[in-house]
Amino acid sequence: MSGIIVHEWIAPAGGSENVFAAIASAFPDAERWCLWNDSDRLGPVHETVLARTPLRGRKALALPVMPTVWRHLPERDADWILTSSHLFAHHARFGGPAREAPKLVYAHTPARYIWAPELDVRGDSFPARLASRILKPLDRKRAQEPVAIAANSKFVAQRIADTWEREAEVIYPNVDVSRISVEPQLGARDEDDLKALPEQFVLGFSRFVPYKRLDAAIDAGRVSGLPVVLAGGGDDEERLRAYADRVHPGKVHFVLNPSDALLSAILRRAAALVFAPIEDFGIIPVEAMAAGTPVLVNATGGAVESVVDGVTGAHVHDWSSDAELRSAVERAIACDAEACRERAQLFSADVFDRRIREFVTSHT
């Protein structure tokens, strides 16, 4: 059977792009479509007319016209269409025989800036709130078209039920646990950077942006008395350094923009990873578990579906409570490394490949 797979836009790197790449690998003969493609790692990908306008790559400005662009795709012949959607890709409609083909959706989330503005600052402005009043009924209407929807977590499946009023099965996204499981090969500079770190520490890893709440890792070190390593980079670095100097002076080490090999080695060395944001799924906790490292996660969000409290980490309800945070660190550090690695295997690329194939074949 011939198919078409659709994604919003393709950036050089990103979690949803990794899922789209895995879908493309599962269906190598399917056509690939997106609004615009800024990556060369996926081979040929058809772009919409939006890619040939000044709006290319300008997501905020292009957003008002995206629903219309998705509804006027060219004529195609296909037996099925699978959209990878976190904004409006599930609105996709082709001309020709493909218009009658069954459409399926892999939903990273309904558009958060419309449906969950408390989790997305883009939805917090007056123009965005005004636009959402128009876009909500349209988005819900388009979400009735698919013959089936898969969500990337139970957390997102519940959001789909609340917003789109649809049921969704859960297919967790692919995580490259095999890469993390292999002993990293470090160059001389990475070896020196690793040796400069404490023997035991709690880790925070992500982009340095306020939303990622890396200050929670600093707090976890403060209440437990352990050193802290923050790995990553971004605009929030100055604030994080100032906070570290104030609450945990001399105990917070910054590793800026580590290589993949060094990050893998740091994950293996860490006593625990602290992952405080509310995420729809959360790939970083699974990567940490693949390295044998337990994880502290927010008790709200998709990460609680991968991290088992008291077995592969700890769920934290109140990050402002020193007593709860101290207990969570102790509980996480006591977890078994092998249990963490075994848990991570449930979210491997092989599992995703099998599940997404079954999803398409069972609904077409």
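**Strands, helices and cores in a predicted model**

In the parallel sheet, Leu 230 sits across from Phe 254 of β12. The model is a predicted one, in which local features need pLDDT of at least 70 and side-chain atom pairs count only at pLDDT 80 or more, while totals for chains, interfaces and linings use all residues. Residues are numbered from 1 along each chain as its sequence is written, and side-chain values use heavy atoms, with hydrogens and water left out. Helices (H or I, at least four residues) and strands (E, at least two) are DSSP runs, numbered from the N terminus.

Leu 230 has another bridge partner too: Gly 204. Its strand, β11 (residues 228-233), is mostly covered, with five of its six residues buried (buried is under 20% relative accessible area, exposed over 50%, and partly exposed in between, using a 1.4 Å probe and protein chains only). Strand β10 (residues 202-207) runs parallel to β11, and six bridges link the two; strands count as paired if DSSP finds at least two bridges between them. Towards β12 (residues 252-256), β11 again pairs in parallel, this time over five bridges.

Helices link these strands along the chain. Helix α9 (residues 215-224) joins β10 and β11 in a right-handed β-α-β unit, and helix α10 (residues 237-247) completes another right-handed unit with β11 and β12. Right-handed here is about the path from the first strand over the helix to the second: with the strands pointing away from the viewer, it runs clockwise.

Zooming out, the open sheet has six strands in the order β12-β11-β10-β13-β14-β15, with parallel pairing. At the edges are β12 and β15 (313-316), each of which pairs on one side only. From one strand to the next, the twist averages 25 degrees. Over at the β15 end, four bridges hold β14 (residues 295-298) and β15 in parallel, and Asn 298 is matched with Val 316.

Helix α13 (residues 322-333) packs on the sheet, where it touches β13 (272-275), β14 and β15, and its direction makes about 160 degrees with that of β15. Touching, or contact, means heavy atoms within 4.5 Å. Angles run from 0 to 180 degrees between N-to-C directions, and axes are lines fitted to C-alpha atoms, for helices over the stretch in contact. The axes of α13 and α9 come within 9 Å and cross at roughly 85 degrees. That makes α9 roughly perpendicular to α13 (65 to 115 degrees; under 35 is roughly parallel, over 145 roughly antiparallel and the rest oblique). Among the residues making this contact are Ala 216 and Val 223 of α9 and Leu 325 and Val 329 of α13.

Then there is helix α12 (residues 283-290): seven of its eight residues are buried, so the rest of the structure largely encloses it. The buried ones include Ile 284, Glu 287 and Met 289. They pack against α7 (177-181), β10, α11, β13, β14 and α14 (337-344). After α12 comes Gly 292, with a positive phi near 85 degrees.

Finally, the cores. A nonpolar core is a set of buried Ala, Val, Leu, Ile, Met, Phe, Trp, Tyr and Cys residues joined through side-chain atoms within 4.5 Å. The largest has 38 residues, and those with the most contacts inside it are Val 6, Met 66, Trp 70 and Phe 88. A second, separate core of 33 residues includes Phe 201, Leu 263, Leu 273 and Val 295.
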